[in-house]
Amino acid sequence: MIQKQEIIDLVDQFLLASESESYLIDVTVSRDNQIVITLDNDEVITLDECTALNQYINEHLDRDKEDFELEVGSAGLTAPLRTLRQYAKFEGETMEVMLRDGRKLRGILGATDDEGFDLTWTTLEHVIDPATGKRSKKKQEVEHHEHLSHKDVNRIYYNF
């Protein structure tokens, strides 16, 4: 079986040699040697780059020694964020966040660090009028800001 680390090393070598701005998101290698490589880029990943990486991997693995199936692609807009670099790419964009506690939030992604990220979202709520102390009859927009921990997030997607 082809080892995942061997594929990661080949991808890293390719990205370094080609001076690409792309970066590795994930590599999976199944028991029957189905290899899936996912890349991302702060701008755009071209089909030519995916094709060149596919060719590079094929040139550096020996099919006579061990047969394999290879797929190289980009993370795409519908894929969940997985790396801090992806979070930085989408800062200021509307995201959909699925939390482990079951909440689903849709808001603007703010600053990100190793521990988590800021999210700002708006809800419609009855509010208390500070002058009268009475609850409003109509719901009003209320803005929320929260720093969410990466460990509390199940998935986070770009929401377009």
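Analyst: Let's begin with a cut-off: a residue is buried under 20% relative accessible area, exposed over 50%, and partly exposed in between (1.4 Å probe, protein chains only). The model is predicted, so local features need pLDDT of at least 70 and side-chain atom pairs count only at pLDDT 80 or more, while totals for chains, interfaces and linings use all residues. Residues are numbered from 1 along each chain as its sequence is written, and side-chain values use heavy atoms, with hydrogens and water left out.

User: Happy with that. What makes strand E2 largely enclosed by the rest of the structure?

Analyst: E2 covers residues 34-40, and five of its seven residues are buried, so the strand is largely enclosed by the rest of the structure. Strands here are DSSP runs of E with at least two residues, helices are runs of H or I with at least four, and both are numbered from the N terminus.

User: How do you know that E1 and E2 pair, and which way do they run?

Analyst: Pairing asks for at least two bridges found by DSSP between two strands. E1 (residues 23-29) has six bridges to E2, and the two run antiparallel. You can follow this in the model: Val 27 has Ile 37 in E2 as its bridge partner, and Thr 28 stands opposite Val 36. In general, strands of a sheet pair through backbone hydrogen bonds, either parallel or antiparallel.

User: What is there between the strands of that hairpin?

Analyst: Four residues, with Asn 33 taking a positive phi near 65°. Asn 33 sits in the loop between E1 and E2. With a relative accessibility of 5%, Asn 33 counts as buried.

User: Where else does a residue that is not a glycine have a positive phi?

Analyst: Glu 19 is one of them, at about 55°. Glu 19 lies in the loop between H1 and E1. Its relative accessible area is 68%, which is over the upper cut-off, so Glu 19 is called exposed.

User: Why is Asp 12 called neither buried nor exposed?

Analyst: Asp 12 has a relative accessible area of 39%, which falls between the two cut-offs, so the label is partly exposed. Asp 12 belongs to helix H1 (residues 4-17).

User: Back to E2. Which way do E2 and E3 run, and how many bridges join them?

Analyst: They run parallel, and six bridges join E2 to E3 (residues 69-74). From E2 the chain passes through helix H2 (residues 47-60) to E3, in a right-handed β-α-β crossover. That name applies because, with the strands pointing away from the viewer, the path from the first strand over the helix to the second runs clockwise. Val 36 stands opposite Glu 71 in E3.

User: What makes E1 and E3 the edge strands?

Analyst: The order in this open sheet of three strands is E1-E2-E3, with mixed pairing. E1 and E3 each pair on one side only, hence the name edge strands. Neighbouring strands are turned by 15° against each other on average, direction ignored.

User: Why is H1 called oblique to H2?

Analyst: The two helices pack at an angle of about 125°, with axes 10 Å apart. Angles under 35 degrees count as roughly parallel, over 145 as roughly antiparallel, 65 to 115 as roughly perpendicular and the rest as oblique. The value falls in the rest, so H1 is oblique to H2. Axes are lines fitted to C-alpha atoms, for helices over the stretch in contact, and angles run from 0 to 180 degrees between N-to-C directions.

User: Which residues meet between H1 and H2?

Analyst: On the H1 side, Leu 10, Val 11, Gln 13, Phe 14 and Leu 15 meet residues of H2 including Ala 52, Leu 53 and Tyr 56. Contact means heavy atoms within 4.5 Å.

User: Finally, why is Asn 159 called buried?

Analyst: Its relative accessible area is 18%, which is under the lower cut-off, so Asn 159 is buried. Asn 159 is in the segment after strand E8 (153-158). Leaving out residues up to four places away in sequence, Asn 159 touches Thr 94, Met 95, Glu 96 and Arg 106.

User: What is the order of the sheet that holds E8?

Analyst: It is E7-E6-E5-E4-E8, an open sheet of five strands with antiparallel pairing. E7 (140-149) and E8 are its edge strands, as each pairs on one side only.
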